[in-house]
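Visitor: Could you take me through one part of this structure in close detail? I would like to look at the nonpolar packing.

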Amino acid sequence: MDFINNALYWLSTGMLVPVIVFLLFFFVRSLMMIGGFYGRYVSRSKVNVKVRRALDEVSVVSFLDTLDSYPRNNELITALERVSRSRESAPALDRQLGDYEIVADKELGKSKLLVKIGPMLGLMGTLIPMGPALTGLATGDVASMAQNMQVAFATTVVGIVIGAVGFITLQVKQRWYADDMNILEYVTESLKELKK
């Protein structure tokens, strides 16, 4: 029984370094996500208001003919250009909607990963050093215990920050993609009605 306990102890303590490396990797990734998120927010706030205003003022066909005046780095504009090229075929229009849903799901998956993996790694980073900390406490090695507790608390905080970034970006991105899908469905259904 001692052999099994020792094996589990060494296995779990051996995982501390990979857990910390993954935490640092996902922390950097979450910081990069914040930067990209802000850039997309600025781009979207200008373009989507202009798109909605144009769809309220002119017909869908006239709107699609003016897509060249919009910036090229916007996902909605790119999807609308594909819809415009597929306007002659109802199945092609449906395919463009499906393709955009796949793109949206892939982008949302990045935030979902942070929501799940951040707290998970943070908890692992908390529990792994607790074993050596308790051992240090039992043997009277207070310095070792303090160092392990410091690692435990730090990994918890980093894991929660990663999860929070993922959660906030996920909530906002879901609203963005729902808005984009609403616009795309309106445009595709309007084009289908023109064919009837």
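Visitor: Which residues of the largest nonpolar core touch the most other members?

Guide: Happy to. This is a predicted model, in which local features need pLDDT of at least 70 and side-chain atom pairs count only at pLDDT 80 or more, while totals for chains, interfaces and linings use all residues. Residues are numbered from 1 along each chain as its sequence is written, and side-chain values use heavy atoms, with hydrogens and water left out.

In the largest nonpolar core (buried Ala, Val, Leu, Ile, Met, Phe, Trp, Tyr and Cys residues joined through side-chain atoms within 4.5 Å; buried means under 20% relative accessible area with a 1.4 Å probe, protein chains only), Val51, Phe63, Tyr70, Leu80, Leu184 and Val187 touch the most other members out of 26 residues. At least two residues each come from helices H2 (16-57), H3 (60-65), H4 (75-85), H5 (90-139) and H6 (142-195), helices being DSSP runs of H or I with at least four residues, numbered from the N terminus. H6 gives the most, 7 residues.

Let's settle on Phe63, which is buried at a relative accessible area of 0%. Beyond its neighbours within four places in sequence, Phe63 is in contact (heavy atoms within 4.5 Å) with Val51, Ala54, Leu55, Val58, Tyr70 and Leu80. Tyr70 also counts as buried, at 5% relative accessibility. On the other side of the story, Lys50 lies over the face of Tyr70, 4.7 Å from the ring centre; this requires NZ of Lys or CZ of Arg within 6 Å of the ring centre and within 35 degrees of the ring normal.

How values were computed
Buried means under 20% relative accessible area, exposed over 50%, partly exposed in between (1.4 Å probe, protein chains only).
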